[in-house]
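Here is a protein chain to look through. Take your time with the picture, and keep the sequence at hand while reading.

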Amino acid sequence: MHEKIPPQQTGAKSDTISEIELDSVQLAKTHFDIVKRRFVDVNCWELFAGTEKAEFSLRDKQGELSLDPPKVGDYFRIKVPGLHNPTGDGYDWVQVEIFEEEHSDNSECVYIRVRPTSDPTKPDETTAHFFDPKATSNFLIKREGNTISAEVHGRNEVPNTEDLTIIEKIRNSLVAVGGMIAGSKFQWKSLTEGLIKYEA
């Protein structure tokens, strides 16, 4: 599944990985089912990442709240703590361009790729995100034998400053550069750790 992550060509990149090893393959299979339910429930990501982190909600093609698993064409609406996005009425928007699952005898994986996009509830096509549309966020969970991991890979992360007001440009640069300096924007480590957490 890693071969689906776009190559790094410009701007910054980030890689966040958390993993746990269970006592048996059967235990890992059972726990992976729980991890998968958490992973596809995007509306609950902030519960695993921590309430002080970004808020996520899954939206359909019209921008309405969706309680289904994500699919290609859906949106993630993101509320960044502190610096809200005036372009997206306070939110940043990304669109799902890949949602895939893979299974083999000893492994399984679920992969989501999203890309910055415009606010689907607005008629204009201005990108409502602090990153340029060249950027992608790549989320995946996988099980190999008795090991389970959750990963977030950011690629080609360039601040979005096209066709925006001065205030919007400054805001996007601050959020983007802050995320790039931290190495894992929105503290992705909290999310990946929360997704795979095992409770006996």
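Is W45 buried or exposed, and what is its relative accessible area? W45 is buried, because its relative accessible area is 0%, and buried means under 20%. Keep that residue in mind, as it turns up again below.

**The overall picture**

A word of caution before we go on: this is a predicted model. The mean pLDDT of the chain is 83, and 80% of the residues reach 70 or more. That confidence isn't spread evenly, though. Helix α1 has the highest mean pLDDT among the elements, at 97, while helix α3 (residues 166-182) has the lowest, at 51. Over residues 180-184 the pLDDT is below 50, and this stretch has nine contacts in the model beyond near neighbours in sequence.

Now for the layout. The chain has four helices and seven strands. If you walk along from the N terminus, you meet them in the order β-α-α-β-β-β-β-β-β-α-α. Of the 200 residues, 50% count as buried. The chain exposes about 9600 Å², and carbon and sulfur atoms supply 50% of that area.

How much do distant parts of the sequence touch? Take the contacts between residues at least 6 apart in sequence: 63% of them join residues at least 24 apart.

**The rings around W45**

Back to W45. The structure holds eight aromatic pairs. In general, a pair of aromatic rings is described by the distance of the centres and the angle of the planes. Here are two pairs that W45 takes part in:

| Pair | Centre to centre | Angle between planes | Type |
|---|---|---|---|
| W45 and F56 | 5.4 Å | 65 degrees | edge-to-face |
| W45 and F76 | 5.5 Å | 85 degrees | edge-to-face |

Why does the pair of W45 and F76 count as edge-to-face? Its planes stand at 85 degrees, and an angle over 60 is what that label needs, so the pair is edge-to-face.

Both pairs reach across the sequence. W45 sits in helix α2 (residues 45-49) and F56 in strand β2 (residues 55-59), 11 residues apart, and their pair links distant parts of the chain. F76 lies in strand β3 (residues 75-79), so its pair with W45 ties together parts that are 31 residues apart in sequence. F56 is buried, just like W45, and F76 is buried too, with a relative accessible area of 0%.

The story doesn't stop at two pairs. Ring pairs link F39, W45, F56, F76, F139 and W188 into a cluster. Several of these names come back in the largest nonpolar core, which has 29 residues: F39, W45, F56, F76 and F139 touch the most other members. Helix α1 (residues 25-40) gives the most to this core, with five residues. There's also a second, separate core of five residues, including I5, I98, C109 and Y111.

**Helix α4 and its cover**

W188 from the ring cluster is also one of the buried residues of helix α4 (residues 188-196). The others are L191, T192, G194, L195 and I196. What covers them includes β1 (12-21), α1, α2, β2, β6 (136-144) and β7.

**Some residues to look up**

Start with S57, which lies in strand β2. S57 counts as buried, because its relative accessibility is 8%. Leaving out residues up to four places away in sequence, S57 touches V42, N43, L65, Y75, F76 and R77. The C-alpha atoms of S57 and N43 are 4.4 Å apart, although the two residues are 14 apart in sequence.

R77, one of the residues that S57 touches, lies over the face of Y91, at 3.7 Å from the ring centre.

Next, find S149 in strand β7 (residues 147-157). S149 is buried, with a relative accessible area of 3%. Neighbours within four places aside, S149 is in contact with S18, E19, L140, I141, K142 and I196. The C-alpha atoms of S149 and E21 are separated by 8.8 Å, with their positions 128 residues apart along the chain.

Finally, there's N156, also in strand β7. What is its phi? Most residues other than glycine have a negative phi. N156 is not a glycine, yet its phi is positive, about 55 degrees. N156 counts as buried, at 5% relative accessibility.

How values were computed:
Residues are numbered from 1 along each chain as its sequence is written. This is a predicted model: local features need pLDDT of at least 70, side-chain atom pairs count only at pLDDT 80 or more; totals for chains, interfaces and linings use all residues. Side-chain values use heavy atoms; hydrogens and water are left out. Helices (H or I, at least four residues) and strands (E, at least two) are DSSP runs, numbered from the N terminus. Buried means under 20% relative accessible area, exposed over 50%, partly exposed in between (1.4 Å probe, protein chains only). Contact means heavy atoms within 4.5 Å. Rings of Phe, Tyr and Trp (its six-membered ring) pair if their centres lie within 6.5 Å; planes under 30 degrees apart count as stacked, over 60 as edge-to-face and the rest as tilted. A charge sits over a ring if NZ of Lys or CZ of Arg is within 6 Å of the ring centre and within 35 degrees of the ring normal. Accessible areas come from the Shrake-Rupley method with a 1.4 Å probe; for residues, only the protein chains shown count as cover. A nonpolar core is a set of buried Ala, Val, Leu, Ile, Met, Phe, Trp, Tyr and Cys residues joined through side-chain atoms within 4.5 Å. pLDDT is the predictor's confidence in each residue, from 0 to 100.
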